[in-house]
Number of protein chains: 2
Amino acid sequence: MMNQRIRQQDIAKKLGVSINTVSLALKDSGRINEDTKLKVQEVAKALNYIPNSIARSLVQKKTYVIGFILPSITNPIQIETAQNIESKLLANGYNMMLMTSDHDKNYETKALDILLSRQVDGIFLFPTDIQDQRKNQEKIKSIRDANYPIILLSGGNFILPSDSVYMNQYLGAYKATEHLINMGNKDIALIYGGTRNTEKHRGYIAALKESNLEYNPNQVATVQNSSYEQGYRAASQIIKNGSVTGILASGDYLALGALRWCREQGLRVPEDVAIIGFDDLEASRFAEIPLTTITYKVEELTTQATDLLFSLISNQEKLTWIEPRRFEIEPTLVIRESCGFKKRSERLL
Amino acid sequence: MMNQRIRQQDIAKKLGVSINTVSLALKDSGRINEDTKLKVQEVAKALNYIPNSIARSLVQKKTYVIGFILPSITNPIQIETAQNIESKLLANGYNMMLMTSDHDKNYETKALDILLSRQVDGIFLFPTDIQDQRKNQEKIKSIRDANYPIILLSGGNFILPSDSVYMNQYLGAYKATEHLINMGNKDIALIYGGTRNTEKHRGYIAALKESNLEYNPNQVATVQNSSYEQGYRAASQIIKNGSVTGILASGDYLALGALRWCREQGLRVPEDVAIIGFDDLEASRFAEIPLTTITYKVEELTTQATDLLFSLISNQEKLTWIEPRRFEIEPTLVIRESCGFKKRSERLL
């Protein structure tokens, strides 16, 4: 059906003028007669002509469109990050195009190809799994080597194939676990997304080790996604299993789901079970028992990320000559009621 | 910097073969020598050649990319809708490209232009303001007339410029208000997004009128966005103002923010203040007092919308020959604790 689209030659034919005249008229050029120009524009409008700005972009070499790929549009903190970056892009005359990888490496590859074929000026990428060194790591490197700025929005303790700006999730989990320990908890559960959250897992283990607490696999639950429901279910399993008095969840919705389960069971939070989440979402502040959590410094991260992108875009040298840069942002602990004051536990007094 | 990208002629020059040979090799054609093909592919890889699938799409006339425009990526129910449509598109070999209009008609225009210039096969659009009959209404009509399927995801009691699939928000607000009245409430407040929610406003007024209750502008609060915070603030203003015993909020987060304020004031929900939200988000089910709300039938809506899109895409006739269709989906009331059982108010007994 696309071949029914009106082209410049159709307008030229209709008016008995050259395609060049039509092209100049549609560009609002001063090089042709004003009457002819208006006539062409009128006919173009009447025929519903839609300018083919791909052709235009290919000539101008710049599209002012930036691609953004994330695993899923339902992750609230990644969406907030995307929204924040978009505001900054719009303020600078750029538009953003969002695609998802659906947590699948193959879709990620496809999304990269589609965005590149649409001539975006740069790409932001939340990788599906940063630790997986195969396929897309090489692809990302080759994209950068082909001189497309591509900025990774997660990272960690390994070699990254391109420039990156990300929250240090290891440190976030470390600080949260340490706080749970300082509040008197010895049996601390972790509810997390498995391979999607390996950095948080590492931070949790490191903090336990630092305090000579044993890592107990029975106190670790892996969830499919960061929903209330998964947190609710995980809490029910983990707490029934034993003597857990503290929970660290890899996302606030998980923590709030766990909180709901505890309340239904008549458990006091934080007295019986202390809970810490991740990301400091709005829901955490307005919860029945406001949630202690780890910040995700969206504003700081997106400012760094867009500044870096613009500097890469305006740079005239080949990107292969510039060493990939890495900006790690340090999260902080926000203490609220779900794990705050010194624990009033019998064991402590 | 784009002119540093490797093109087919660069590969041809490097190998001393024709551009046609390179082109066939990169298409994995059987029409050329296998050795030559492998050599070309090897050099292409070494030079980081990125295939220009725009050119390819222009020839094939189909891109298998669908555009999706929504006012803001932070509206949870619109994001859920987008995510659900994307799954259905992926399952059918299509990819989705998401853009936002930032609640601004001009950005909406720009997003439409960008998607069209990228040759998408169709567009889903949550209009910024469906009632605004200027500019984009005409533009949307002209896009459809140019044979691009464009499906609107909101609508209401007015003429729509293209095919549409949407929840009947008027009816949702009517049912919710009616339920509040049936539970014994006479002073019912509305917290809503102003011009973004005119259909809900209409439904609220109609239900009041049906029960001979007076519309009181002092009991209506307009908010900037659908956040907990805006709901919390609106509730504090409205309830302090007078004798309100029921609240209808145009979004669940607003309702949950209002719930939080009531709880902090020591008000019982639903006994002192009954609350109903909109959209049936997961947070509502897991709230300290589970929220009565109006469903947004995401699955039903997205099935209808994608079926319609595919039928428009595969149709060989001009879209101007097909009358725009309209699918209105009827929302239902989900009764939970925040407004459920017959109100135990003194006035009723």
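In this predicted model, a useful place to begin is a polar contact of 2.8 Å that joins the side chains of A:Thr100 and B:Glu86, and thus links one chain to the other. A:Thr100 is found in strand S2 of chain A, which covers residues 95-100, and with a relative accessible area of 6% this threonine is buried, because buried means under 20%. When its neighbours within four places in sequence are left aside, A:Thr100 is in contact with A:Leu70, A:Pro71, A:Ser72, A:Ile73 and A:Ala111, as well as with B:Glu86 from the other chain. A:Phe68 is 32 residues away from A:Thr100 in sequence, while the two C-alpha atoms are 8.2 Å apart in space.

Just beyond this strand, A:Asp102 is found in the loop between S2 and helix H6 (105-117) of chain A. Its phi is near 55°, a positive value in a residue other than glycine, and, unlike the buried A:Thr100, A:Asp102 is partly exposed, with a relative accessible area of 35%.

From this contact between chains one can turn to the way the two chains are arranged. Two copies of a chain are related by a rotation about an axis and a shift along it. Here a rotation of 180°, with 0.0 Å of shift along its axis, superposes chain A on chain B with an RMSD of 0.1 Å, which is the relation of a two-fold axis. In chain A, the C-alpha nearest the axis belongs to A:Leu98, and lies 2.3 Å from it. Both copies are served by the same surface, in that 100% of the contact residues of chain A recur in chain B.

Within a single chain, the secondary structure of chain A comes to 13 helices and twelve strands, and buried residues make up 58% of its 349 residues. Among the contacts in chain A with a separation of 6 or more, 74% are accounted for by residues 24 or more positions apart.

The nonpolar interior can be followed through its cores. The largest nonpolar core has 116 residues, of which A:Phe68, A:Ile191, A:Ile247, A:Ile275, B:Phe68, B:Ile247 and B:Ile275 touch the most other members. To take one of these, B:Ile247 touches, beyond residues up to four places away in sequence, a set of residues that includes B:Leu180, B:Ala189, B:Ile191, B:Val273 and B:Ile275. A second, separate core of 42 residues includes A:Ala111 together with B:Leu112, B:Ile114 and B:Leu125, and A:Ala111 has already appeared as a contact of A:Thr100.

Cysteines deserve a separate look. A:Cys339 counts as buried at 1% relative accessibility, and B:Cys262 is buried as well, with a relative accessible area of 0%, while a search of the whole structure finds zero disulfides over all chains.

Several details of the loops can be read in both chains. A:Thr63 has its place in the loop between helix H4 (53-60) and strand S1 (65-70) of chain A, where it counts as buried at 14% relative accessibility, and a polar atom of its side chain lies 2.8 Å from the backbone oxygen of A:Gln119. In chain B, B:Thr63 lies in the loop between helix H4 (53-60) and strand S1 (65-70) and counts as buried at 13% relative accessibility, and its side chain reaches the backbone oxygen of B:Gln119 at 2.8 Å.

Another loop holds a cis peptide bond, which in chain A joins A:Val269 and A:Pro270 with omega at about 10°, A:Pro270 lying between helix H11 (252-264) and strand S9 (274-276). In chain B a cis peptide bond joins B:Val269 and B:Pro270, again with omega at about 10°. Further along chain B, B:Asp279 lies in the loop between S9 and helix H12 (282-285); its phi is near 110°, a positive value in a residue other than glycine, and B:Asp279 is buried, with a relative accessible area of 11%.

A last point concerns the predictor's confidence. The mean pLDDT of chain A is 87, and 90% of its residues reach 70 or more. Over residues 53-60 of chain A, however, pLDDT stays under 50, and for this stretch the model has ten contacts beyond four places in sequence. Over residues 342-349 of chain A, pLDDT likewise stays under 50, with 14 such contacts in the model.

Technical notes
Residues numbered from 1 in each chain as written. Chains lettered and ligands numbered in written order. Predicted model: local features only at pLDDT ≥ 70, side-chain atom pairs only at ≥ 80, totals over all residues. Heavy atoms only, no water. Helix = DSSP H or I, 4+ residues; strand = E, 2+ residues; numbered from the N terminus. Buried < 20%, exposed > 50% of the residue type's maximum accessible area, 1.4 Å probe, protein only. Polar contact = N/O pair within 3.5 Å; in protein donor to acceptor, adjacent residues only side chain to side chain. Least-squares fit on C-alpha atoms with pLDDT ≥ 70 in both. Contact = heavy atoms within 4.5 Å. Disulfide = S-S within 2.5 Å. Core = buried A, V, L, I, M, F, W, Y, C linked by side-chain atoms within 4.5 Å. pLDDT = per-residue confidence, 0-100.
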